[in-house]
Amino acid sequence: MTAFAYRAGWFHAEAVSLARVAEAVGTPVYCYAGSVLADGYRAFAAAFAGQDAGICYALKANSNLAVVGTLARLGAGADVVSEGELMRALAAGIPADRIVFSGVGKTRAEMKAALTAGIFQLNVESLPELEALSQVAAGLGVTAPVALRVNPDIDAGTHHKISTGRKENKFGIDIDHAREAYAFAAGLPGVRAVGVAVHIGSQLTSLAPFRAAFKKAAHLVQALRADGHAIDRLDLGGGLGIVYREETPPTPTDYAALVAEATQGLGCRVLLEPGRALVGNAGVLLTRVLYVKTGLHRRFVIVDAAMNDLIRPSLYDAWHGILPVAEPMPGSVAEPFDVVGPVCETGDTFAVQRPLVAPRPGDLMAVLSAGAYGAVMASTYNTRPLVPEVLVDGDRFAVIRPRVDCAALLALDRLPSWLE
Ligand SMILES: *Cc1c(COP(=O)(O)O)cnc(C)c1O
């Protein structure tokens with residue numbers, strides 16, 4: 001069964017009509033299908049079953065406790081990039097010894113929180129960060145298990161804002177200087193370099209950049225061992241792409257075969273940090289048409305969701321499928337419309353010249369493939385309430401983040417004494 005599909009004339013998530021969700025919760029709202037999360041994780045885990053591999057779900061793609069909890073119950077570990085995400089992973093039931101802390105700028109407070117929790121690994125991205133971690137760990141009287149994130153100078157061939165593995169990017173330690181960095185680490189108290197980490201970007205739809213990066217990382221492991229370092233972990237990051245439109249990303253099986261090939265004979269524990277690949281196609285953004293406006297040259301569908309709810313089209317020029325929740329009659333003719341939100345920015349556009357069947361005010365629409373980098377990137381720009389989230393399980397659904405009303409937003413502000 002396809003989780004998101006028309007059934008009896010209405011677009012459904014599993015056995016729940018999205019019209020029912022809109023009725024109960026209002027719009028805009030994110031709606032996730034638990035079965036897609038679970039099936040996606042199981043497929044990924046099954047693909048790596050023959051390897052010594054740990055799957056650390058990258059929380060930054062979607063960190064709702066119910067989403068993380070769904071994956072945690074299936075055995076997922078976590079990749080976190082802040083103390084907040086660390087708290088979420090732990091709260092969702094992921095044990096600390098399955099959590100990796102990534103990110104280019106960890107604070108000392110974050111390092112302390114991670115070490116106190118007993119985290120599996122910290123991925124360090126620079127020598128100054130390594131020194132800070134050394135001081136924090138030594139101060140706590142513990143030894144931090146560290147992987148150095150190296151920058152393999154590989155073009156991931158993805159959007160420039162989500163490409164991270166090239167020399168000019170801010171990420172990691174230049175791979176050509178990695179051996180010096182490990183030698184430096186070996187001389188520091190409180191840290192033990194146990195692994196090598198790479199992550200070259202997101203929404204990769206071809207295996208070639210992965211292959212090039214993983215080979216470089218594997219070679220580095222061998223060189224480091226020859227230098228006398230006991231390296232037994234290889235963190236290959238995330239980045240596996242999904243289908244938004246007509247992409248043909250590698251399947252988890254193809255990806256796992258490549259990992260097996262690139263790490264063969266190394267005897268390393270492999271860590272994987274998929275984010276988007278696990279949650280991207282597990283969610284839609286449900287929105288209602290406010291107005292249909294005929295301009296001089298174009299027709300606009302103005303919906304009640306906006307760039308503050310889903311920023312991917314504005315930020316990355318991302319393409320998302322958009323379907324009416326009420327199934328169009330067979331043979332209906334589609335005409336081009338621009339689908340836009342109410343925010344005063346031209347970038348607040350979900351689709352340009354998209355063929356749609358006569359949208360009318362009040363119609364519901366589903367913006368597809370919105371499970372990753374959707375709700376987590378939402379803001380309250382324009383003092384729009386933070387968008388709520390719903391999780392579907394078969395024929396039932398639950399609100400997993402309620403709509404925060406404007407009064408609660410206003411209540412966060414304080415007037416200084418001179419304005420009271
Ligand atoms: C963003 C990120 C991920 C997850 O990327 P996806 O493209 O969502 O799989 C994994 N690891 C690191 C270090 C990241 O920065």
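**Exercise 1.** Does serine 202 count as buried or exposed, and at what relative accessibility?

*Solution.* The model is predicted: local features need pLDDT of at least 70, side-chain atom pairs count only at pLDDT 80 or more, and totals for chains, interfaces and linings use all residues. Residues are numbered from 1 along each chain as its sequence is written, and side-chain values use heavy atoms, with hydrogens and water left out.

Step 1. Buried means under 20% relative accessible area, exposed over 50%, and partly exposed in between (1.4 Å probe, protein chains only).

Step 2. Serine 202 has a relative accessibility of 10% and therefore counts as buried.

Step 3. Serine 202 lies in the loop between strand 11 and helix 8; helices (H or I, at least four residues) and strands (E, at least two) are DSSP runs numbered from the N terminus.

Step 4. With neighbours within four places in sequence set aside, serine 202 is in contact with Thr158, Ile162, Gly239, Arg276 and Tyr373, contact meaning heavy atoms within 4.5 Å.

**Exercise 2.** Identify the strands that pair with strand 11 and describe the crossover that follows strand 11.

*Solution.* Step 1. Strand 11 spans residues 191-197, of which 6 of 7 are buried.

Step 2. Two strands pair if DSSP finds at least two bridges between them. Strand 9 (residues 144-151) is joined to strand 11 by 6 bridges in the parallel sense, with alanine 144 opposite valine 191.

Step 3. Strand 12 (residues 233-235) also runs parallel to strand 11, over 3 bridges; here arginine 233 is the bridge partner of glycine 195.

Step 4. From strand 11 the chain passes through helix 8 (residues 208-226) to strand 12 in a right-handed β-α-β crossover: with the strands pointing away from the viewer, the path from the first strand over the helix to the second runs clockwise.

**Exercise 3.** Classify the packing of helix 5 against helix 6.

*Solution.* Step 1. Helix 5 (residues 108-117) and helix 6 (residues 127-140) have axes 10 Å apart, at an angle of about 50°. Axes are lines fitted to C-alpha atoms, for helices over the stretch in contact, and angles run from 0 to 180 degrees between N-to-C directions.

Step 2. Helix 5 is therefore oblique to helix 6, since angles under 35 degrees count as roughly parallel, over 145 as roughly antiparallel, 65 to 115 as roughly perpendicular and the rest as oblique.

Step 3. Residues in the contact include Met111 and Leu115 of helix 5 and Leu133 and Val136 of helix 6.
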